[in-house]
Amino acid sequence: MKQRKIPLRKCTGCQEMKNKKELIRIVRNDEGEFSIDTTGKKAGRGAYICPNAECLEKAIKSKGLERSFKSSVPADVYEKLREELEEINGQ
């Protein structure tokens with residue numbers, strides 16, 4: 001049986017290539033609204049981040065999400081990400 005190729009994406013925090021399913025996707029749609037995509041199928045420009053707080057802090061410090069989206073990212077998006085990470089790591 002043929003082995004399927006695993007899609008890899010780069011984390012905007014640590015800059016490491018990881019399995020797409022392990023990462024959290026942040027999406028900006030055509031209207032410029034940001035959201036967290038849990039399914040990985042929402043329409044729009046996507047950026048990926050590891051599900052840990054260290055990578056989020058690195059992404060904020062290095063402006064990794066701003067570079068990925070080529071625009072400024074509102075502070076409430078980072079707050080939503082922090083809450084999402086607390087839920088994931090709290091379980």
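Among the elements of this predicted model, helix α3 has the lowest mean pLDDT, at 84, and strand β1 (residues 8-10) the highest, at 95. Here pLDDT is the predictor's confidence in each residue, on a scale from 0 to 100, while helices (H or I, at least four residues) and strands (E, at least two) are DSSP runs numbered from the N terminus. The protein as a whole averages a pLDDT of 89, and 99% of the residues score at least 70. Since the model is predicted, local features need a pLDDT of at least 70 and side-chain atom pairs count only at pLDDT 80 or more, whereas totals for chains, interfaces and linings use all residues. Residues are numbered from 1 along each chain as its sequence is written, and side-chain values use heavy atoms, with hydrogens and water left out.

Next comes the nonpolar core, meaning a set of buried Ala, Val, Leu, Ile, Met, Phe, Trp, Tyr and Cys residues joined through side-chain atoms within 4.5 Å. Buried stands for under 20% relative accessible area, exposed for over 50%, and partly exposed for anything in between (1.4 Å probe, protein chains only). The largest such core holds 21 residues, and I26, I49, L65, F69, V73 and L81 touch the most other members. Two or more residues each come from β3 (24-28), β4 (34-37), β5 (45-49), α1 (53-62), α2 (64-69) and α3 (75-90). Helix α3 gives the most, with four residues. In soluble globular proteins, nonpolar side chains do tend to be buried together. I49 is a handy one to click on: setting aside neighbours within four places in sequence, I49 is in contact (heavy atoms within 4.5 Å) with C11, T12, L23, I24, I26, C55, L56, A59 and L81.

Back to α3 and its geometry. The expected span of a helix is 1.5 Å times one less than its number of residues, so the 16 residues of α3 should cover 22 Å, and the end C-alpha atoms are indeed 22 Å apart. V77, Y78, L81 and L85 are the buried residues of α3. They line one face of the helix because, seen down the axis, they fall within an arc of 95 degrees, the arc being that of the directions from the helix axis to the C-beta atoms. Those buried residues pack against β3, β4, β5, α1 and α2. On the face turned away from the buried side sit the exposed residues A75, E86, E87 and G90.

As for charges, a search of the whole structure turns up three salt bridges, each a side-chain nitrogen of Lys or Arg within 4 Å of a carboxyl oxygen of Asp or Glu. One of them pairs R25 with D37, with the closest N and O atoms 2.7 Å apart. That pair links distant parts of the chain, R25 in strand β3 and D37 in strand β4, 12 residues apart. R25 is buried at 10% relative accessible area, and D37 is buried too, at 3%.

R82 takes part in another salt bridge, with E57 (3.3 Å, N to O). This one also links distant parts of the chain, R82 in helix α3 and E57 in helix α1, 25 residues apart. R82 forms a salt bridge with E79 as well, the closest N and O atoms being 3.1 Å apart. R82 and E79 are three residues apart in α3, which means about one helical turn separates them. Salt bridges with shared partners thus join E57, E79 and R82 into one network. Its members are partly exposed: R82 at 27% relative accessible area, E57 at 40% and E79 at 41%.
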